[in-house]
Amino acid sequence: MYEVGDVLRFHSVIASKEKFHLCLGRTEHEMIFAFLFLNSDDGYKGDCVLDDGEIPGLPKSRTGK
């Protein structure tokens, strides 16, 4: 299944575009995963803004972040 560091790509019907989540971990005995939502827009409380290319496997974003 997913491993820590995997980037999950999926199409969001609601957003009408591809979205990405970074796998942070999973439980040992259950199929419960922790994902970090990756976004190219800013303005959310607690944002950690990274430049394109800092997370391998993601395409370039329209904002460069």
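Student: How many residues lie between E2 and E3 in the hairpin that these strands form?

Tutor: This is a predicted model, in which local features need pLDDT of at least 70, side-chain atom pairs count only at pLDDT 80 or more, and totals for chains, interfaces and linings use all residues. Residues are numbered from 1 along each chain as its sequence is written, while side-chain values use heavy atoms, with hydrogens and water left out. A strand here is a DSSP run of E with at least two residues, numbered from the N terminus, and two strands pair if DSSP finds at least two bridges between them. Between E2 and E3, the hairpin has a number of residues equal to six.

Student: Which residue in E3 stands opposite Arg26?

Tutor: E3 covers residues 33-38 and runs antiparallel to E2, to which six bridges join it. Phe20 has Leu38 of E3 as its bridge partner, whereas the residue of E3 that stands opposite Arg26 is Phe33.

Student: Which residue takes a positive phi in the hairpin of E1 and E2?

Tutor: E1, residues 7-12, and E2, residues 17-26, run antiparallel and are joined by six bridges, and Leu8 stands opposite His21 in E2. The hairpin has four residues between its strands, and the residue with a positive phi near 60 degrees is Ser16.

Student: What is the order of the strands in the open sheet?

Tutor: Strands of a sheet pair through backbone hydrogen bonds, either parallel or antiparallel. In this open sheet of three strands the pairing is antiparallel, and the order is E1-E2-E3.
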